[in-house]
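Opening the notebook on this one. I want to look up ring pairs, a loop residue and a sheet, and jot down what turns up.

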Amino acid sequence: MLIRFSMIVGMCLCAVSVFAGNPKAYVSELSGNTVDVVDLSRHNVMASIATAAGPDNMVVTPDGKFLYVADSGAATISVIDTETDKIITSIEVGASPQGMVITSDGKGMLAASEEGNAVVYIDTTTNKVINKFAISAVRNLALTTNNRIAVAASQSPDKFALVVIDMLKKSVVKRVPLESAPRDLQFGPQDNYLYLSVAGRDAVLVLKPKTYRIVKHIPTGPSPCGSAFTHDGKLGLTVSQDRGMLYIFDPQTNKVIDKVFVGKQPHGIAISKDDKFAYVTKEASNTISVVDLINRNVSNVVAVNSGPRKIVVT
């Protein structure tokens, strides 16, 4: 089955995390080789953590105790203790680690090694790699809430595909060929849909799991990147980097219901535990826009350091 995009415009869904815990956020600074720690009550940077080259994608354990940072310019994942905000170890995973997903119980994690052409499975109780799946030019990952199915985005030239991994069988069980390079992907609330972005398209592609057929697209502006869903599953968020806009959509109907201008070149999104605020990084201005999701406006702007990319909230 070849997914065609002749009637569709697509977009980039970037990896985003939404977690409970203390009111602070972690912001990866790709060009600064640091992770900023932001006090969300005072809206300022309280610390900066030096990492290996190119910190980008991040995930945090469900209990909020540990943050994993993909060092995309190296071959490691840095592990940060969120109580002390210090790196406690690093994990060798292969060259250019990119997307990561963590299991719902926090005991395991999948990480994509783009140049290592593999997805590795990490036991987070020991921080050791215990399994590996060979997938060429793998960029990003999605995982169902029951931890049963993982989907990898392969950007192998002329062989663009979604690669489906059965985590119980510990094997690749399906390849879904694509016409364009997949960028980012994420399962929505209750795993009802898989949200996919592809290069050069201006909408979120909505796929039905199991068949991986496109059932809808959510129009956005050019160069959309970054997505998140509120904890209650009622809202989905994505941004258009070109238009500087945050789009709010209904995950049940997959229709845009509102939009908020956040500023130039937005990238990552995180959502507060109470679903009242969204935090949007902006690479061009080295700031974070705090978006009030009730009143649908920008309520604050936080200055950070150099090149903010992804953001997670604890």
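Below are my entries, grouped by topic.

**Entry 1: rings**

I'm working from a predicted model here, so local features need pLDDT of at least 70. I began with a search of the whole structure for aromatic pairs, and 4 came back. I looked at Tyr193 and Tyr195 to begin with: their ring centres are 6.3 Å apart and the planes sit at 70°, so I logged the pair as edge-to-face. The cut-off behind that label is over 60 degrees between planes. Buried or exposed, these two tyrosines? Tyr193 and Tyr195 are both buried.

Next I pulled up Phe229 with Phe249, another edge-to-face pair, at 5.8 Å centre to centre with 90° between the planes. Where do these two sit in the chain? Phe229 belongs to strand β20 (residues 224–229) and Phe249 to strand β22 (residues 245–250), so this pair ties together parts 20 residues apart in sequence. I checked burial here as well: Phe229 and Phe249 are both buried.

Putting the rings together, I get a cluster of Tyr193, Tyr195, Phe229 and Phe249, linked by ring pairs. I also checked for a charge over one of these rings. The charged end of Lys208 sits over the Tyr193 ring, 4.7 Å from the ring centre.

**Entry 2: Thr103**

I moved on to Thr103, which I found in the loop between β8 (97–102) and β9 (108–113). Why do I call Thr103 buried? Its relative accessibility is 8%, and the cut-off for buried is under 20%. For polar partners, I noted that the Thr103 side chain makes a polar contact with the side chain of Asp105, at 2.7 Å. Which residues does Thr103 touch once I leave aside its neighbours within four places in sequence? I listed Pro62, Gly108, Tyr121, Leu143 and Asn147.

**Entry 3: a sheet**

Last, I traced an open sheet of 4 strands. The order reads β24-β25-β26-β27, and the pairing is antiparallel. Which strands are the edges? They are β24 (266–271) and β27 (297–303), each pairing on one side only. For the twist, I got an average of 25° between neighbouring strands of this sheet, direction ignored.

I then zoomed in on one edge. Strands β24 and β25 (residues 277–282) run antiparallel and are joined by 4 bridges. To have a residue to click on, I noted that Ile269 stands opposite Val280 in β25.

Methods
Residues are numbered from 1 along each chain as its sequence is written. This is a predicted model: local features need pLDDT of at least 70, side-chain atom pairs count only at pLDDT 80 or more; totals for chains, interfaces and linings use all residues. Side-chain values use heavy atoms; hydrogens and water are left out. Rings of Phe, Tyr and Trp (its six-membered ring) pair if their centres lie within 6.5 Å; planes under 30 degrees apart count as stacked, over 60 as edge-to-face and the rest as tilted. Buried means under 20% relative accessible area, exposed over 50%, partly exposed in between (1.4 Å probe, protein chains only). A charge sits over a ring if NZ of Lys or CZ of Arg is within 6 Å of the ring centre and within 35 degrees of the ring normal. A polar contact is a pair of N or O atoms within 3.5 Å; within protein, one must be able to donate a hydrogen and the other to accept it, and residues adjacent in sequence count only if both atoms are side-chain atoms. Contact means heavy atoms within 4.5 Å. Two strands pair if DSSP finds at least two bridges between them. Axes are lines fitted to C-alpha atoms, for helices over the stretch in contact, and angles run from 0 to 180 degrees between N-to-C directions.
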